[in-house]
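Reader: Hey, I've just opened this one and I'm new to it. Can you walk me through it?
Author: Sure, let's put it up and go piece by piece.

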Amino acid sequence: MKKFILGTAMALVLSTAARAETVGVSMAKFDDNFLTVLRNGMTDYAKTLSGVTLQVEDAQNDVSKQQSQIQNFIASKVDAIIVNPVDTDATTAMSKLAADAGIPLVYVNRQPVNVDTLPDNQAFVASNEQESGTLETKEICRILGGKGKAVVIMGELSNQAARMRTQDVHDVIKTDECKGLEIVEEQTANWDRTQGADLMTNWLSSGIEFDAVISNNDEMAIGAIQALKAAGKDMTKVVVGGVDATQDALAAMQAGDLDVTVFQDAAGQGKGSLDAALKLAKGEKIEKKVYIPFQLVTPANVKDFVTKN
């Protein structure tokens, strides 16, 4: 009887140990409002799970550093890896590293260039970028009555989300309802608030006239707003849109400065990526692409989103 009890207890210990999992997480950068919410969503969720440990690293927007982090995770024999890519065009090599080591890998938020050819134990968790810029631009078009001049502020061009959101803008403007919109300037500000402000200051100094600012994210939109207000512009005469629905963006909307944003569930993406990584680590089959819907945010429904991101 004692041997049976001892054996049963040992089996329980071993099964508990088997459930303990370490997940390596490489974030493109910590110094980003949206990605901070995503990272916090992931780490907060991990705290509710028994036996799950996250090893979270900051790639500091450096592709080489991110690749080294993945190599270190592999050397440490983590059970799964989550990557928020610095450069979405550099993910094929990252996928190969993980696949060769037999370690599951999940990309989060930024779509990898090899998304359609991911190995069996890899996946992508995000929101469908065909929705984000489309929702934003359609709403701006509606506000302007289908005609006017617009400037477009793009994110990092090495990033698939920036390219897709910008393409969304062009696709909407080609529609019959919005073909009266004209893009007069289109430049990158690398997702950054300060660069968004500098770019807007340069456009204003050049005498460029426009009715709307269509930004790939909220941070650059907020920077543009700061520059517009510093130049004494009447914000009621300029329509400004962004994407992400960060808390700062929602505050700007409530203040009457931001007209449109699109809610991207950062915390939900963080949770979803960890769920996917843990399932793959257990050998479970999951969808290659897991999409969390975007939602349009305007002054009419902004209060519904204040506590979400």
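Author: One term before we start: two strands pair if DSSP finds at least two bridges between them. Helices (H or I, at least four residues) and strands (E, at least two) are themselves DSSP runs, numbered from the N terminus.
Reader: OK, and what kind of model is this?
Author: This is a predicted model, where local features need pLDDT of at least 70 and side-chain atom pairs count only at pLDDT 80 or more, while totals for chains, interfaces and linings use all residues. Residues are numbered from 1 along each chain as its sequence is written, and side-chain values use heavy atoms, with hydrogens and water left out.
Reader: How many helices and strands are in the protein chain?
Author: The protein chain has 10 helices and 12 strands. Its C-alpha atoms fill a box of roughly 85 × 40 × 35 Å along the principal axes.
Reader: And what share of the residues is buried?
Author: Of the 309 residues in the protein chain, 50% are buried. Buried means under 20% relative accessible area, exposed over 50%, and partly exposed in between (1.4 Å probe, protein chains only).
Reader: Now the sheets. What's the strand order in the open sheet of 6 strands?
Author: The order is S2-S1-S3-S4-S5-S11, with parallel pairing. Strand S2 (52–58) and strand S11 (289–291) are the edges, and each pairs on one side only. The twist from one strand to the next averages 20°. Angles here run from 0 to 180 degrees between N-to-C directions, and axes are lines fitted to C-alpha atoms, for helices over the stretch in contact.
Reader: How many bridges join S1 to S2?
Author: There are 7 bridges between strand S1 (residues 21–27) and S2, and the two run parallel. Threonine 22 stands opposite threonine 53 in S2, and valine 25 has valine 56 of S2 as its bridge partner.
Reader: Why is S1 largely enclosed?
Author: Because 6 of the 7 residues of S1 are buried, S1 is largely enclosed by the rest of the structure.
Reader: Which strands does helix H2 lie across?
Author: Helix H2 (residues 33–47) lies across S1, S2, strand S3 (80–83) and strand S4 (105–108), and runs at about 160° to S2.
Reader: What about glutamine 66, buried or exposed?
Author: Glutamine 66 is buried, with a relative accessible area of 0%. It's found in helix H3 (residues 63–75). Leaving aside neighbours within four places in sequence, glutamine 66 is in contact (heavy atoms within 4.5 Å) with residues including Ser26, Met27, Val83 and Met94.
Reader: How far apart in space are glutamine 66 and aspartate 87?
Author: C-alpha to C-alpha, glutamine 66 and aspartate 87 are 9.6 Å apart, with their positions 21 residues apart in sequence.
Reader: And glutamine 122, where is that?
Author: Glutamine 122 is in strand S5 (residues 122–126), and it is buried, with a relative accessible area of 1%. Among its contacts beyond four places in sequence are Ser95, Tyr107, Leu280 and Lys288.
Reader: Let's switch. What's the order in the open sheet of 4 strands?
Author: That order is S7-S6-S8-S9, with parallel pairing. Strand S7 (180–188) and strand S9 (239–241) are the edge strands, each pairing on one side only. Neighbouring strands in this sheet are turned by 20° against each other on average, direction ignored.
Reader: How do S6 and S8 line up?
Author: Strand S6 (residues 147–154) and strand S8 (residues 212–215) run parallel and are joined by 4 bridges. Valine 151 stands opposite valine 213 in S8.
Reader: Which strands does helix H5 touch?
Author: Helix H5 (residues 129–144) packs on the sheet and touches S6, S7, S8 and S9, with its direction at about 175° to that of S8. Helix H6 (residues 160–173) packs on the sheet too, touching S6, S7 and S8, and its direction makes about 165° with that of S7.
Reader: Last thing: at what angle do H7 and H8 pack?
Author: Helix H7 (residues 193–205) and helix H8 (residues 218–230) pack at about 45°, with their axes 7 Å apart. The residues of H7 that meet H8 include Gly196, Ala197 and Met200, and those they meet in H8 include Gly223, Ala224 and Ala227.
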